[in-house]
Amino acid sequence: MIEPILGSTNAERVLLYLLARDQGYTREIARFWGSDPDSVQKQLAKLERGGVLSSKLAGKTRIYRFNPRYSF
């Protein structure tokens, strides 16, 4: 769907998951899509570095969500 724009199936999956569920963590997203957690983690980190996502720690788990300060 939007993979050609993002360049990665996992990036598309991460964004769709967060759009539907508001927040999530690496293993939860990977399990939902049947993806490799390492690939999902790389996409989450890339999107966070780009400012699209923000994260916070909840115990030992890093929770990701869309960055409300991101201009788009």
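# Notebook: one sheet, its helices and a ring cluster

I started with the strands: β2 and β3 run antiparallel and are joined by six bridges. For the record, helices (H or I, at least four residues) and strands (E, at least two) are DSSP runs, numbered from the N terminus. I took two strands as paired if DSSP finds at least two bridges between them.

Before going on, I noted that this is a predicted model, where local features need pLDDT of at least 70 and side-chain atom pairs count only at pLDDT 80 or more, while totals for chains, interfaces and linings use all residues. Residues are numbered from 1 along each chain as its sequence is written, and side-chain values use heavy atoms, with hydrogens and water left out.

**Sheet**

I looked up the strand order next. Three strands form an open sheet, β1-β3-β2, with antiparallel pairing. The edge strands are β1 (23-24) and β2 (53-58), and each of them pairs on one side only.

Then I went through the partners. On the β2 side, Lys-56 sits opposite Ile-63 of β3. On the other side, two bridges join β1 to β3 (residues 61-66), and these strands run antiparallel. Gln-23 has Arg-65 as its bridge partner in β3, and Gly-24 stands opposite Tyr-64.

I also checked the turn. The hairpin of β2 and β3 has two residues between the strands, and Gly-59 takes a positive phi near 70° there. Asp-22 has a positive phi too, about 75°, although it is not a glycine. I found Asp-22 in the loop between α2 and β1. With 43% relative accessibility, Asp-22 counts as partly exposed; my scale is buried under 20% relative accessible area, exposed over 50%, partly exposed in between (1.4 Å probe, protein chains only).

**α4 on the sheet**

Which strands does helix α4 lie across? I found α4 (residues 37-49) across β2 and β3, running at about 115° to β2. Axes here are lines fitted to C-alpha atoms, for helices over the stretch in contact, and angles run from 0 to 180 degrees between N-to-C directions. Contact means heavy atoms within 4.5 Å.

**α2 against α4**

I moved on to the helix pairs. α2 and α4 pack at about 70°, their axes 9 Å apart. That angle is why I wrote them down as roughly perpendicular to each other. The bins are: under 35 degrees roughly parallel, over 145 roughly antiparallel, 65 to 115 roughly perpendicular, and the rest oblique.

From α2, I listed Asn-10, Ala-11, Val-14 and Leu-15, which meet Ser-39, Val-40, Gln-43, Leu-44 and Leu-47 of α4. By class, this contact has six nonpolar, three polar and no charged residues. The classes: Ala, Val, Leu, Ile, Met, Phe, Trp, Tyr, Cys and Pro are nonpolar, Asp, Glu, Lys and Arg are charged, and the others, Gly among them, are polar.

I looked at Asn-10 separately. Is Asn-10 buried or exposed? Asn-10 is buried, with a relative accessible area of 18%. Leaving out residues up to four places away in sequence, Asn-10 touches Ser-35, Ser-39, Val-40 and Gln-43.

Thr-9 is in helix α2 (residues 9-21) as well. Its relative accessibility is 30%, so Thr-9 counts as partly exposed. I noted that Thr-9 and Gln-43 are 34 residues apart in sequence but 9.7 Å apart in space, C-alpha to C-alpha.

**α2 against α3**

The axes of α2 and α3 (residues 26-33) come within 10 Å and cross at roughly 105°. I therefore have α2 as roughly perpendicular to α3. The contact uses Arg-13, Val-14, Leu-16, Tyr-17, Leu-18 and Arg-21 of α2 with Glu-28, Ile-29, Phe-32 and Trp-33 of α3. I have seven nonpolar, no polar and three charged residues for it.

**Rings**

How many aromatic pairs does a search of the whole structure find? The search finds two. Rings of Phe, Tyr and Trp (its six-membered ring) pair if their centres lie within 6.5 Å; planes under 30 degrees apart are stacked, over 60 edge-to-face, and the rest tilted.

Tyr-17 and Phe-32 are edge-to-face, 5.3 Å centre to centre with 65° between the planes. Tyr-17 lies in α2 and Phe-32 in α3, so the pair ties together parts 15 residues apart in sequence. Phe-32 and Trp-33 have ring centres 5.1 Å apart and planes at 90°, so that pair is edge-to-face. Ring pairs thus link Tyr-17, Phe-32 and Trp-33 into a cluster.

I ended with accessibility: Tyr-17 is buried at 3%, Phe-32 is partly exposed at 44%, and Trp-33 is partly exposed at 31%.
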